[in-house]
Amino acid sequence: MQRDLTCLVLTIVELVRQLVERQCIRRMDRGDLSDEQIETLGLTLMRLEEAMAELCEHFGLSPSDLNLDLGPLGTLLPMD
């Protein structure tokens, strides 16, 4: 049960991370961010991705374990 709960929490964190990343890209494309903000966001997003990989490794999960199957709707996370 603990592994399932860990998987669910990490799935939610990964979903939010991907949403934030997409929002940053949209803002960057619109020109809403300065070069300094883009650099800061890029570094922050890279660190978050590394932290997620470390957490998955620590708990023995693969990225595919976080991609919940929603049946006819497909998977929760987009396939990159």
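Contact, as used in these legends, means heavy atoms within 4.5 Å. The model shown in every view is predicted.

**View 1. Gly60 in the segment after helix H2.**
Gly60 lies in the segment that comes after H2. Leaving out residues up to four places away in sequence, Gly60 touches Arg3 and Asp65. One of these partners, Arg3, is 57 residues from Gly60 in sequence, yet their C-alpha atoms are 8.9 Å apart in space.

**View 2. Surroundings of Leu61.**
Neighbours within four places in sequence are set aside here, and Leu61 is then in contact with Arg3, Thr6, Cys7, Leu10, Cys56 and Leu66. Arg3 is thus a partner of Leu61 and is touched by Gly60 as well. Leu61 also belongs to the largest nonpolar core, as do its partners Cys7, Leu10, Cys56 and Leu66.

**View 3. The largest nonpolar core.**
Seven residues make up the largest nonpolar core: Cys7, Leu10, Met52, Cys56, Leu61, Leu66 and Leu77. Two elements, helix H1 (2-30) and helix H2 (35-58), each give two or more residues to this core. Of the 80 residues of the chain, 20% count as buried.

**View 4. Glu36 in helix H2.**
Glu36 lies in helix H2. The relative accessible area of Glu36 is 64%, so this residue is exposed; the class requires a value over 50%. Glu36 and Gly74 are 38 residues apart along the chain, and 37 Å separates their C-alpha atoms.

**View 5. The whole chain, for orientation.**
Two helices and zero strands are present in the chain. The radius of gyration is 15 Å, whereas the globule rule gives 12 Å for 80 residues; the value is well over that of the rule, so the chain is more spread out than a compact globule. Taken along the principal axes, the box filled by the C-alpha atoms is roughly 45 × 30 × 15 Å. Among contacts between residues at least 6 apart in sequence, 63% join residues at least 24 apart.

**View 6. Surface and charges of the chain.**
The accessible surface of the chain comes to about 6100 Å², and carbon and sulfur atoms account for 60% of this area. The chain carries 7 positive and 15 negative charges, and the mean positions of the two sets are 6 Å apart.

Technical notes: Residues numbered from 1 in each chain as written. Predicted model: local features only at pLDDT ≥ 70, side-chain atom pairs only at ≥ 80, totals over all residues. Heavy atoms only, no water. Core = buried A, V, L, I, M, F, W, Y, C linked by side-chain atoms within 4.5 Å. Buried < 20%, exposed > 50% of the residue type's maximum accessible area, 1.4 Å probe, protein only. Helix = DSSP H or I, 4+ residues; strand = E, 2+ residues; numbered from the N terminus. Rg over C-alpha atoms; globule rule 2.2 N^0.38 Å. Areas by Shrake-Rupley, 256 points an atom, 1.4 Å probe, with all protein chains shown as cover. Lys, Arg positive; Asp, Glu negative; His and termini not counted. Charge placed at Lys NZ, Arg CZ, Asp CG, Glu CD.
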